[in-house]
Amino acid sequence: MSEPVVIGMDVGATKILVGAVTQAGDILASRLFKINSETQAITLRSIEASLENFIRDWNGSPPLAIGVGLVGQIDPKAGIWFEAINLPIRSPVLLAEQLSDHYKVHAALDNDVHAATLAEMRWGIGKESMDFIYLNIGTGIAAGLVFNGQLLRGTQNYAGELGHTVVQPDGPLCPCGRRGCVEPIASGGGMLARVQELLVDYPDSMLHAHAQSDSLTAHSIFTAADTGDPLAIKISSDAVQALSIVLINLVNLLNPEWIVYGGGTLSDGWLIEHVRVDVESRPLLMTRKSLKGLLPSRLNPDQVGLLGAACLAWNVNPSGGAIE
Ligand SMILES: [Zn+2]
């Protein structure tokens, strides 16, 4: 008999990663599918077809449960996907019930950042710590807050929307429609948008060449800042300042033991290394002394969404042992 597995499905705005994952967090097989998202019905069909295709080709033991990490608002207890901003989900979907009816196993849903945080709890820093913050900065900014070994969900499962904490009341416009949020200043997506907006004021910036060749990334902004490019210095130093404010406030507010981080914008280490000094020196004495550090997640950033989804499945599977 081959090793017991669950199926995890990480549904992003453009891609779906499906995989078979053991209780130790080993991914035995995985496959990436493109998502077709013209309408709600097409999106849901695309998700179902990806799962169907993966399970059809999977030749290990039958999955014990299915977990799905999704963007948007989810009620994990009821298994309902209410809405998403970057996928056209406008009316509630009873996705967990539909999947468990079809495949005759438990199915569970959660939002992708909460799912990644649950993977951190089970397979990452949670092995050593009960009190940590998982920070993810990529296109956007989000956080998972774990205290007393429990993920803080808030009243509607929305806790952790760190990207929309206010750092600069008259700052750039955020995708949420408000000004002042940290996300348009310090996320990868936000920094790229600000470069495009400000290029006209900096005719000599080396970022023009990146913008024209479609090679502009957070990493190229940081590299240009290090060589003295004034626009890159402005964008990156604004990002450092905004992110420092948010993290100093978080440390004072929540007194975490660790901050672990992941996401494409933090992958080259530049942004974290520049906020580290502030985060380790500016919070109150007791909160900063009890912060053991900021460190990269030990989970593979390309797999953390899939591991998070699998974690949801292990958490609802009776033999998997609940951690919540
Ligand atoms: Zn916002």
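This note goes through two helices and one strand of the structure, point by point.

1. The model is a predicted one, in which local features need pLDDT of at least 70, side-chain atom pairs count only at pLDDT 80 or more, and totals for chains, interfaces and linings use all residues. Residues are numbered from 1 along each chain as its sequence is written, and side-chain values use heavy atoms, with hydrogens and water left out.

2. Helix α1 (helices being DSSP runs of H or I with at least four residues, and strands runs of E with at least two, numbered from the N terminus) covers residues 40-57. Its buried residues (under 20% relative accessible area with a 1.4 Å probe, protein chains only, where exposed means over 50% and partly exposed lies in between) are Gln40, Thr43, Leu44, Ser46, Ile47, Ser50, Leu51, Phe54 and Ile55. Because these residues cover an arc of only 160 degrees around the axis (taken from the directions from the helix axis to the C-beta atoms), they lie on the same side of α1. The face turned away from that buried side carries the exposed residues Arg45 and Arg56.

3. In helix α7 (residues 218-226), the buried residues are Ala218, Ser220, Ile221, Phe222, Ala224 and Ala225. Just after α7, glycine 228 takes a positive phi of about 95 degrees.

4. Strand β8 (residues 132-137) has 5 of its 6 residues buried, so it is largely enclosed by the rest of the structure. It is joined to strand β9 (residues 141-147) by 6 bridges, the two running antiparallel (strands pair if DSSP finds at least two bridges between them), whereas 5 bridges join β8 to strand β11 (residues 258-262) in a parallel arrangement.

Definitions and conventions
The expected span of a helix is 1.5 Å times one less than its number of residues.
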